[in-house]
Amino acid sequence: MTEFQAASKMRELMTEYYIEAKTTKEKPIAWVTSGAPVEFLYTMDVLPIYPENHSAMCGAAHKSLELIEAAEAVGFSPDICSYARTDFGADMTKGGPIQGLPAPDMLLCSTNICKTVIKWYEVVARNYNVPLFIVDTPFMHDGLTRDLIDYTTTQFKNLEEFLTGFTGRSFDLDRFEEVLKFSLEAANYWKKILQLGKTKPSPFNSQDTFIHLAPIVTLRGTQKCADYYKILYEEIRDLAAKKVGSIPKEKYRTLWDNLPIWFKLRRLAEFFEDKKCALVVATYTNSWGGLGDDYDPKNPYEGLAKAYLSVYINSGFEHRINYLASLIDEYSLTGFILHSDRSCKPYSIGMYRMQEEVTRLTGKPGVIIEGDMCDPRVYSDAQTETRLEAFIESMEDSE
Amino acid sequence: MFEPFYEVVFNVSKNITENKTALGRPVIGVMPAFFPMELIDAAGGYPVQLWGNNLSLGKSDAYLQAFSCSVARSVLELELIEGARMVEGYAFTSICDTLINLRELYRRLFPKPTVELSIPITRTDEARRIYLKSVIASVISGLEDITGTKVTSESLTKASSLHARTRELQRQLYYIRAEKSGLIKNYDFYVTIKAGFFLPRSVYNQMLEDLLEKLDKLPQPKGKRTKIVLSGMVFDPIEIYKIFDDLNIDIVDDDFANGWRTVSKGPLEVADIVEGVTSYVFNPAPCCCLYNPDNDRHPYLVDKAKKAGAEGVLFWYIKFCEPDAFDRPQLIQRLKDEGIPASFFDVELSMTNFDAIKTRIDAFSEMIKG
C-alpha cells in the first residue's frame, strides 16, 4: 500500500475527530449512516458519528471478530450485517481500537445504501431511547424521476424542522451554504483524485483509497476535510505527472466492486502487488465523488436530493452494468473483481448475472470472490487467492 | 373437512392452470409482502401469492448466493425450471433489499413484466403522498398493460369487497382456533390459509364459508394442551406443524407476515387510494419490514401473547431474513421481561429433515411446562 505524505495529516484529522466525539460537552451527537445528508447536521452544530466507519476501523484493526462474537452471544444472528454486529458488540463491550463510540443523542439514517440500516438503527434507537430520523431514498429501478426528487426534497425540509426542534435553534441558511460549499469542495477533490487512477501507471491503489476515504465519510461539510483532499490531490497529481505507480511494475489494471474486506486489506494489497495487478478504481469509493455532479446553487436542496438518491447501489442493474462497463473503458482496465459480500445484500445480490453481462459488453474477464467486510470467519485466503490467480491468468490470456 | 384445501395445496400448478382457464384472466405472481391484490383483481388479473416453495435448489444457485433467503431462491428456481409458465407477470413490494434486487434480476433474466409497489417509509406525510401517488399510478398502469383491462372505481370497489371478505372469513377461522383450542389441527389450519394463496377469491371464500359452518357446530376438545404463539415472516414448511400436533401443542395465534399480519387487514379503502394503500400496508399489525414507531412490535407481541393465553412465543426464522433477525433478540428479551418464555428456530424452505427442529420444539415445550 502507498504511504502518501498526506497520510499523517489524515491520521491527525481522524484522531482529532474521535477525540472531539468522545469529549464534547457542547455538541449533540448523531449516529448517522454513510449516505446520510450530514450537511444538515453540521449546519446545526450536531456532530455526526458513523458506526459504519467505526466498524470498518475495527475490521482493519483485526478487532471485529471479538465484537461480532459479543453481539452474537446476546442473540444477534450471524446472518445480519457484520458492520451492525461489530457496532453492537463494540457498544456492549466498549471494545475495539477506540473503546466504542460516544452515546448518540439522535440518529439519522438514509436508505440509499440499504434498507438494513433501518433495522440496525431501530435496535440502537431502542437501546438508547433516542429519536431516529429516516431520509427515505427509494431504490431507483428506472433512474432518477421528478417524484423521487420531490419526495426526497420534502423530507429534507422536514429534517430541517426536526433539527430545529431537536437543537432549539433556527436553521441558518448562510451556514448551510457554507457547509455545502465545503462538502462539495471535498467531494470534487475526491473525484479528481479517483480520476487520476486513469493514469498509467496508476499513482494509487484502491486499497489506498479505502483508507483515505475516512475523512470524506466522517468530516464531509467541514473546511478541514476540503483542505485535506486538496493536499492529497496535489500530492497524487504530482505522482501521476511523474509517472510514479503505486506498484512497481503495473501490468494488469482492475476494478473492485463492493466494500473492502477490511481485515485483509494489507494481505490482498501485497498479493496484488506481487501479481503486478493494480486495483485502480472502486465503485465503493466513487460513491462519495458524485456529490457535486448535480449541484445547483440556486436550488441546493434539489441538488442534494439528486446526489443522495443517485448512489450506485441504489440504482437498477441496467445502470450498474453500464457504469461498470464505462469504468472498464475509461480506466483502460484488463479485468474486474466483484466482491460477493455476505453482509451486503444490496451490493451483492444479482452480481453473478452482472458479471456475465459486463464481460459480454466489454470482453474483459471478471471474477467473483466470496467474502465479508468485517467477519473473517466467512473468508478463506486459500480459496480467494486461488480464484484471483486464475483470474489474473485469464487477463494474461486475453492480453 | 379440510380435504378441498389439501387438494389445492398439493396440486398448486394444476389448480392455478384450471382456474386461469375458467376465469380467462392472466395470472400475476405476487411476491412477499403486503401487495394489495385488490389492484390486480381490479385490473382483471388473477393474483397468486408466491411465498417460496420446497423445491430443491439447483438452477437458482447460478444467480443467487447461498446467503439469500430461501424465499427468493425458491421462487427464482420455480421460474428457472419453467414451473411458473402460467404466470404472466409479477408484482413486487420493496420490503427488503433481497426482493428489491430480485426484481432487478427478473428484469434481466425473463421477459415477463414486473411492477413494484415501492413503499415509502418516511414519517413525512406530505412526502409520502407525493411519492405513493406516483408509485400507485405506475403500478396500476403496469398491471393494465399486462391484463389489457383498465382499472375503474367500480372494479376497485368490487375487488376490495372480495378481498376484504376473504380476510374476514380467515379472521373467523383464527378466532375459532383461539377460542376452541385443539379443535383445528395446526397442520390443517395452515393448509387452509395457504390454499388461499392460489385460489380466486370467489372460490376460496365459498370454501371458507363451508368450512366455518362445519366448525361452528363442533365443540372444543377436552384436555389440557400447551398453547403458544408463533412469529415470523413465512409459515412454511408446513410439515413442521405435524411436530406441534404430535406434541399436543396448539398454536393459538400467530404473527406471520403471510398469516395474521395480512389476515388482520381491513378493507382496502379505494375512495382515496393513496391513504387506502398506506393504511392497508401499515395497519393494523406491525411488521419487521415496515418502519412504523407508532405501531411498536414490542407491546404488540406481548399483548398478543397475553390475550391468546399463550404459554410461550416461538420465532420461526427463515434463514437470512435480515429484517426478522434484527428484531428478534430485543423482542425475545422483552417477552422474557414480561414473564413470557420465548425462543426461536431456523428454517429453510427446502429443508426435508426436521429432526433438529423437533428437538428445539420439544425442548421449548418442556421448558414452558416447567
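## A two-chain predicted model, starting from one enclosed helix

Helix α4 (residues 70-80) of chain B is largely enclosed by the rest of the structure, because 10 of its 11 residues are buried. Here a residue is buried if 20 or more other C-beta atoms lie within 10 Å of its own, exposed if 12 or fewer, and partly exposed in between, with C-beta atoms placed from the backbone. Helices (H or I, at least four residues) and strands (E, at least two) are DSSP runs, numbered from the N terminus.

This is a predicted model, in which local features need pLDDT of at least 70 and side-chain atom pairs count only at pLDDT 80 or more, while totals for chains, interfaces and linings use all residues. Residues are numbered from 1 along each chain as its sequence is written, and chains are lettered from A and ligands numbered from 1 in the order in which they are written.

Back to the helix. Among the buried residues of α4(B) are B:S70, B:R73, B:L76 and B:E79. Their cover includes α5 and β7 (312-318) of chain B. After α4(B) comes B:E82, which has a positive phi near 60°.

The covering strand is a good place to go next. β7(B) runs parallel to strand β8 (residues 342-347) of chain B, and 6 bridges join them; strands pair if DSSP finds at least two bridges between them. Opposite B:F315 stands B:F344 in β8(B). From β7(B) the chain passes through α14(B) to β8(B), a right-handed β-α-β crossover. Right-handed means that, with the strands pointing away from the viewer, the path from the first strand over the helix to the second runs clockwise.

Another buried spot in chain B is B:Q170, which has 22 other C-beta atoms within 10 Å. B:Q170 sits in helix α7 (residues 153-179) of chain B. Setting aside neighbours within four places in sequence, B:Q170 is in contact with B:I193, B:G196, B:L208 and B:V263, where contact means C-beta atoms, placed from the backbone, within 7 Å. B:W260 is 90 residues from B:Q170 in sequence, yet their C-alpha atoms are 9.0 Å apart.

Now for the two chains as wholes:

| Chain | Helices and strands | C-alpha extent along principal axes | Buried |
|---|---|---|---|
| A | 18 helices, 8 strands | about 65 × 50 × 40 Å | 56% of 399 residues |
| B | 15 helices, 8 strands | roughly 60 × 45 × 40 Å | 50% of 370 residues |

Chain A has a radius of gyration of 20 Å, close to the 21 Å of the globule rule, so chain A is as compact as a globular protein of that length. The radius is taken over C-alpha atoms, and the rule is 2.2 Å times the number of residues to the power 0.38. Chain B, at 20 Å, agrees with the value near 21 Å for a compact globule of 370 residues.

Where do the chains meet? In chain B, 39 residues are in contact with 37 residues of chain A. On the chain B side, the elements giving two or more residues are α5 (97-109), α6 (125-147) and α14 (322-337). That side divides into 20 nonpolar, 10 polar and 9 charged residues; Ala, Val, Leu, Ile, Met, Phe, Trp, Tyr, Cys and Pro count as nonpolar, Asp, Glu, Lys and Arg as charged, and the others, Gly among them, as polar.

Methods. Two residues are in contact if their C-beta atoms, placed from the backbone, lie within 7 Å.
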